[in-house]
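Q: Hey, I've got a protein model open and I'd like to get a feel for it. Can you walk me through it?

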Amino acid sequence: MKKKGTLALVSLGCAKNAVDLQVRAGGLLKAGWTLSPDPDRADMVIVNTCSFIASARDEAEAEIRRALDLKARGQYGRVVVTGCYPQRYPKLKDAFPGVDEWVGVPQTWEAPKVPALRLTGKAYAYLKIAEGCAHRCSYCAIPLIRGKYRSRPMKAILREAKALLATGCRELNVVAQDPMLWREGEKTLADLLWALDRLPGDFWVRVLYSYPSEITEDFVVWLATAKHAARYVDVPIQHTVPAVLEKMNRKRAIEATRSVAETLREIVPGVTIRTTVLTGFPGETEARFAELLADLKRLQFDHLGAFAYSPEKGTKGATLGGRPSRAVAEAREKRVMAEQAKVWRHKAKRMVGQTFRALVVAPGVARLESQAPDVDGVTYFDAPSGARRVADAAVGAFVDVRLTKVRGFDFEGVLVP
């Protein structure tokens with residue numbers, strides 16, 4: 001790629017995948033490429049893909065074909081496909097004539113000292129601390145795509161965190177397939193988090209994705225007492241019924257799954273807990289699904305995402321019998337989300353009238369400590385009569401917002417002078 005020119009980017013999939021694109025594109029920008037002002041017209045486009053489940057693959061294929069169509073019209077010079085799709089299917093390049101490069105996920109770790117590109121904007125960033133996965137959940141293809149778990153060196157993580165904070169970033173979102181497994185010699189995730197907490201400035205550190213049985217006492221102590229800790233835990237339980245969890249190869253998580261919400265709330269008052277569940281996994285009978293619904297009602301998660309199970313080739317789950325039909329799995333997914341909507345409305349209405357600290361992420365838009373980027377809602381705010389203008393609440397600033405209304409899964413509010 002000695003020739004320089006304009007660059008367009010298409011980012012699909014999770015935040016961890018987006019970080020890979022930031023590093024790749026950031027290197028190109030440092031080498032002299034420039035971002036195109038028109039995302040549909042550039043000398044080169046990078047389509048960064050996901051292949052976790054069937055719907056993600058469908059989206060990836062559609063975006064690749066769209067890029068090739070624009071190339072055929074002369075709007076793109078080169079089409080580069082990167083990420084999980086070419087990593088999982090290295091021989092499928094021939095199925096997309098016109099693709100110039102077919103590149104999997106990065107196999108080396110060290111990111112640039114100062115990232116040259118941040119797709120999330122000024123206010124927040126994702127801080128990736130590990131690659132791959134050490135768990136072998138029977139429904140998941142991530143280990144097939146990303147490989148074994150590899151922790152990133154603490155020195156590199158802290159260097160990137162300092163650089164991000166120096167640019168005005170006010171929220172570091174720690175991401176990995178399971179951050180709880182981060183290790184460097186005798187150091188654990190808690191040591192890394194305390195090191196981040198000692199950095200100067202006013203900012204949040206939010207840890208995203210925590211396998212239930214890997215949550216340690218040291219982590220909970222950090223969560224409850226650290227100056228910069230966002231009191232938020234993303235703990236995907238996937239199911240609550242032991243027989244289903246065993247088939248998912250999450251047997252070690254059974255006890256933790258049933259107690260983690262109560263334990264966290266007891267030790268960390270006011271903590272926000274998010275989870276995800278799979279419906280329609282092999283072995284999920286109607287009675288077991290009813291048990292799941294009852295458990296979710298009891299546990300009262302603050303945020304929840306439900307997904308109908310998608311059998312993935314190469315995983316053990318795809319070979320198991322007793323799988324409900326796709327229609328049943330999707331119907332159950334909708335039932336879970338309908339019940340969660342009731343939980344959300346009840347919790348959200350109790351928050352209206354209260355004042356919360358929030359991070360401005362766009363003009364007139366902020367996120368509370370209880371709202372993680374991309375997966376939860378946001379808070380739209382205005383200025384009360386006679387107060388400072390909304391425009392004065394700059395992106396990247398912390399403000400106090402009094403909530404006035406619930407709008408779906410979002411809030412509306414007014415600035416408190």
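**Buried charges and beyond**

A: Sure, and keep in mind that this is a predicted model. Let's begin with two charged residues: Glu-171 is buried, and Arg-206 is buried too.

Q: What do Glu-171 and Arg-206 form with each other, and how far apart are the closest N and O atoms?
A: They make a salt bridge, with 2.7 Å between the closest N and O atoms. Glu-171 belongs to strand E9 (residues 171-175) and Arg-206 to strand E12, so this pair ties together parts that lie 35 residues apart in sequence.

Q: How many salt bridges does the count come to?
A: The count comes to 26 salt bridges. One of them links Glu-262 and Arg-298, where the closest N and O atoms are 2.7 Å apart. That pair joins distant parts of the chain, since Glu-262 sits in helix H9 (residues 254-267) and Arg-298 in helix H10 (residues 286-299), 36 residues apart.

Q: Is Glu-262 buried or partly exposed?
A: Glu-262 is partly exposed, at 35% relative accessible area. Arg-298 is partly exposed as well, at 41%.

Q: Where do Lys-342 and Glu-339 lie?
A: Both are in helix H11, three residues apart, which is about one turn of the helix. Their side chains meet in a salt bridge, 3.2 Å from N to O. Lys-342 counts as partly exposed at 47% relative accessibility, and Glu-339 is partly exposed at 36%. Elsewhere, Asp-20, Lys-128, Glu-131 and Arg-146 are joined into one network by salt bridges that share partners.

Q: OK, new topic. Which residues touch the most other members of the largest nonpolar core?
A: Those are Ile-129, Leu-193, Leu-196, Phe-219 and Trp-222, in a core of 53 residues. Helix H5 (residues 154-166) gives the largest share of this core, with six residues. There is also another core apart from it, with 18 residues, including Val-10 and Ala-60.

Q: Why would nonpolar side chains be buried together?
A: It's a general tendency: in soluble globular proteins, nonpolar side chains tend to be buried together.

Q: And what does Leu-193 touch?
A: Leaving out residues up to four places away in sequence, Leu-193 touches Val-174, Val-205, Val-207, Phe-219 and Trp-222.

Q: Let's do sheets. What is the order of the open sheet of five strands?
A: The order is E2-E1-E3-E4-E5, and the pairing is parallel. Strand E2 (34-35) and strand E5 (101-103) are the edge strands, each pairing on one side only.

Q: How many bridges join strand E3 to strand E4?
A: Seven bridges join strand E3 (residues 42-49) to strand E4 (residues 76-83), and the two run parallel. To find a spot to look at, go to Val-47, which stands opposite Val-81 in E4. Helix H2 (residues 54-72) packs on this sheet and touches strand E1 (6-11), E3, E4 and E5. The direction of helix H2 makes about 165° with that of E4.

Q: What about the sheet that three strands form, what's the order there?
A: That open sheet goes E13-E14-E15, with parallel pairing. Strand E13 (232-234) and strand E15 (303-308) are at the edges with a single partner strand each, so one side of each has no neighbour in the sheet. From one strand to the next, the twist averages 15°.

Q: What joins E13 to strand E14?
A: Three bridges join E13 to strand E14 (residues 272-279), and these strands run parallel. Asp-234 stands opposite Arg-274 in E14. Helix H11 (residues 326-351) lies across E14 and E15, at about 170° to E15.

Q: Switching to cysteines: how many disulfides does the structure hold?
A: Zero. Take Cys-137: the nearest cysteine sulfur, in Cys-140, is 6.3 Å away.

Q: So why does Cys-140 have no bond to Cys-133?
A: Because the sulfur of Cys-133, the closest cysteine sulfur to that of Cys-140, is 6.2 Å away, too far for a bond. Cys-140 is buried, at 16% relative accessible area, and Cys-137 is buried at 10%.

Q: Last one: where does Tyr-211 lie?
A: Tyr-211 is in the loop between strand E12 (204-208) and helix H7 (217-225). At 2% relative accessibility, Tyr-211 counts as buried. Beyond residues up to four places away in sequence, its contacts include His-135, Cys-137 and Asp-178.

Note on methods
Residues numbered from 1 in each chain as written. Predicted model: local features only at pLDDT ≥ 70, side-chain atom pairs only at ≥ 80, totals over all residues. Heavy atoms only, no water. Core = buried A, V, L, I, M, F, W, Y, C linked by side-chain atoms within 4.5 Å. Buried < 20%, exposed > 50% of the residue type's maximum accessible area, 1.4 Å probe, protein only. Helix = DSSP H or I, 4+ residues; strand = E, 2+ residues; numbered from the N terminus. Contact = heavy atoms within 4.5 Å. Pairing = 2+ DSSP bridges. Axes fitted to C-alpha atoms, helices over the stretch in contact; angles between N-to-C directions. Disulfide = S-S within 2.5 Å. Salt bridge = Lys/Arg side-chain N within 4 Å of Asp/Glu carboxyl O.
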